[in-house]
2 protein chains.
Amino acid sequence: MTDFAATKAMFHLPDGVIYLDGNSLGPLPKAAVARMGKTMQDEWGEMLITGWNRAGWMEQPTRVGDRIARLIGAEAGHVVMGDTLSIKVYQALAAALEMRPDRRVILSDSGNFPTDLYMAEGLIGSLGRQHQLITPAPEDVAAHINEDVAVLMLTEVDYRTGRKHDMQALTKQAHAAGALVIWDLAHSAGALPVDLSGVGADFAVGCTYKYLNGGPGAPAFIYVAPRHAKQVRPALSGWLGHSAPFAFDLNYTAGAGIERMRVGTPPVLQLAALEAALDVWDMADMSDVRRASIALCDRFIAGVEAACPALTLASPRDGKDRGSQVSFRFEHGYPAMQALIARGVIGDFRAPDIMRFGFTPLYIDAADVDAAVAVIADVMQGDLWDRDEYRQRGRVT
Amino acid sequence: MTDFAATKAMFHLPDGVIYLDGNSLGPLPKAAVARMGKTMQDEWGEMLITGWNRAGWMEQPTRVGDRIARLIGAEAGHVVMGDTLSIKVYQALAAALEMRPDRRVILSDSGNFPTDLYMAEGLIGSLGRQHQLITPAPEDVAAHINEDVAVLMLTEVDYRTGRKHDMQALTKQAHAAGALVIWDLAHSAGALPVDLSGVGADFAVGCTYKYLNGGPGAPAFIYVAPRHAKQVRPALSGWLGHSAPFAFDLNYTAGAGIERMRVGTPPVLQLAALEAALDVWDMADMSDVRRASIALCDRFIAGVEAACPALTLASPRDGKDRGSQVSFRFEHGYPAMQALIARGVIGDFRAPDIMRFGFTPLYIDAADVDAAVAVIADVMQGDLWDRDEYRQRGRVT
């Protein structure tokens, strides 16, 4: 059994704060500070350029990728780190579309995180506007899978509602129709068990600053199924994806496998913070995390529904259909969330009316849930959100 | 006059090392360590998600971009940070090609850094292989500028030889032929005066881990000329380039100007190190840097040529035709560089036979040059490089 008191002690959690926004940015793992100091002083400072070899910076994207692979059910050697999730979406989608040259539909859903859809739009523009991006409601995706679909591109867990797609069933159905599948694991990696290999996903992408606690701007990951790894053409063919980057050939030759999904120089400092953050996972079992997360979310739903009739549950009620977050709809969700943050309960707001709360047992326990519910009840019952100071709209909540 | 003793004191330089590879990775600015600690503990640790507003993370890419703009002669508000140089090359090239839809030639040169050429190859593949990438020798570029050329894409300073293109003349000639121009400033930014606005460049890109000392994996920058900023279509249309990222629209609408060249979540930690590194430039004048750099390089050439007849100068002899590096050809350049590194003189090797040494007066002075020359003379005269221990080939030198 995972010792969640021990994992909680590994994070810096500010006094007076109950942090329910780890689904947007995970908190600081205490070990990341020392690790960053070591990377900056002992590696960059002392080794200088030789750090690329001596400190293992050059292999960092695949070394860290292997640690992520274990958390998402991917085969070792088939995940690599780098860039941002947006870029990784572009790489996966560009590769997948070329593997289905006779098909013209990219099927996603209206609950996908917008950047995935925007990157698809941008790619469609570059490819000559012959492709079509279709975004039905999440529950209607299955009905749109047919033999026109080149690629099914979905985020497993809806960023607004927490609704979870059935990865296994949709992958199987898409494959039966001859389509390829890209899974965005932004709200899955570190939140719940994922079995990329078992479900037969073709590509997967994700970020590491949410449930993996890699810090603001932590790099993304990409997975390419072993059966495709040696075939895909990298659209973003950067020098570190070349089979021999230091030969400095004038022509590009793709690296052997997942290496070809590397692009430019890796963000060594961000990766150092992430490596320290991943140490937490050496102490945690993902099925324990999932079980405890569902219990925390259920407890939160019960508490809020009992105390706050104005809030309407926007997330699936059944834990198995949810990611690791709970969302409520409230017409005045923005000022209400601002009022909660002022009281130390940090969640976030997503337009138009979603108050979103993330839960992870790595650093949130039942006492935190109860304390958060008490603050929410107080703010809602006293109409404390209905003040001018909370109504002014900022860029990020 | 810039006080170079003062700037030198701002860097951590390891004992027993003369660091002549700042053209590959600049050394650690002492202030970067404290700045990173502050960003991790006071911002990420204490502010958590609210750091995006409260610590100004969201504006960091344009705020830092403006500091870079001042170093490269760009208009304020027209440079933004993010991603890697490879990605920024792709963005600039994709945008430029769409602005010249009737032309099919990308003109570069064989001295360009390979990733620029590789990214062009990848883009050509996505665009349906209708474009052609031409790479004459650097000195023959001007002769290839004609009305078939859509885009002239060059790195101002050749990464191997240090040969410097005439940015003003080539831009003018390309524009006269109706072509657009992309300048890669990887070996220019922080090395010598650049006047993007004055020469009328259309796009520019560059990295910040070389002469700007931002650290391993520091983010890249991109410049789009004000006259194009509102017109270009971003091929990599990520959510932070959207005109209203937090509206979470399903459709992409490009940001007002340079913001549209943002893609995903910015690397906040890398940017924090870079911000500290840029403080050094508050004390330095770029024309002083250039003058002192040429003097250091001239001194190095004279010293090496007097002591080491086996080394042949590969860089232009006239300082005005060079960047801030000096390269020598030597058949056994690889083991020779390994032997120098073992003796504390750190330069690097570029295939097939280039021994490369970078000089920047920010932390290298005439005494360092003389000491380096003495070690090189010793290693070469004693055939000290001719040992098995130096002959084994690593990935990065």
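This report walks through a predicted model with chains A and B, looking at where the chains meet, a proline in a helix, an enclosed helix and the nonpolar core.

## Where the two chains meet

A good place to start is the interface. Here 88 residues of chain B are in contact with 88 residues of chain A. Together the chains bury about 7,500 Å² between them, and carbon and sulfur atoms give 66% of that area. Between chain B and chain A there are 32 residue pairs in polar contact, while the rule finds zero salt bridges across this interface.

Which elements of chain B give two or more residues to the side that touches chain A? They are strand S3 (28-29), helix H2 (30-47), helix H3 (51-54), helix H5 (85-99), helix H6 (114-126) and helix H10 (268-278) of chain B. H6(B) gives the most, with 10 residues. By residue type, the side of chain B that touches chain A divides into 49 nonpolar, 27 polar and 12 charged residues.

## A proline in helix H6 of chain A

Now turn to chain A, where Pro114(A) lies in helix H6 (residues 114-126). Is Pro114(A) buried or exposed? Its relative accessibility is 1%, and buried means under 20%, so Pro114(A) counts as buried.

Leaving out residues up to four places away in sequence, Pro114(A) touches Tyr159(A) in chain A, and Phe248(B) and Asp249(B) in chain B. Pro114(A) and Tyr159(A) are 45 residues apart along the chain, and their C-alpha atoms are separated by 9.8 Å.

## Helix H10 in both chains

Helix H10 is worth a look in each chain. In chain A, H10 covers residues 268-278, and 11 of its 11 residues are buried, so this helix is largely enclosed by the rest of the structure. Among the buried residues of H10(A) are Val268(A), Gln270(A), Glu275(A) and Leu278(A).

In chain B, 11 of the 11 residues of H10(B) are buried too, so H10(B) is largely enclosed by the rest of the structure. Its buried residues include Leu269(B), Gln270(B), Leu274(B) and Glu275(B). H10(B) is also one of the elements giving two or more residues to the side of chain B that touches chain A.

## The largest nonpolar core

In soluble globular proteins, nonpolar side chains tend to be buried together. In this model, the largest nonpolar core has 299 residues. Which of its residues touch the most other members? They are Phe300(A) and Phe300(B).

Setting aside neighbours within four places in sequence, Phe300(A) is in contact with Leu20(A), Val326(A), Phe328(A), Phe357(A), Phe359(A), Val369(A), Val373(A) and Ile376(A).

Note on methods
Residues numbered from 1 in each chain as written. Chains lettered and ligands numbered in written order. Predicted model: local features only at pLDDT ≥ 70, side-chain atom pairs only at ≥ 80, totals over all residues. Heavy atoms only, no water. Core = buried A, V, L, I, M, F, W, Y, C linked by side-chain atoms within 4.5 Å. Buried < 20%, exposed > 50% of the residue type's maximum accessible area, 1.4 Å probe, protein only. Contact = heavy atoms within 4.5 Å. Buried area = accessible area lost by both parts, 1.4 Å probe. Salt bridge = Lys/Arg side-chain N within 4 Å of Asp/Glu carboxyl O. Polar contact = N/O pair within 3.5 Å; in protein donor to acceptor, adjacent residues only side chain to side chain. Helix = DSSP H or I, 4+ residues; strand = E, 2+ residues; numbered from the N terminus. Nonpolar A, V, L, I, M, F, W, Y, C, P; charged D, E, K, R; others polar.
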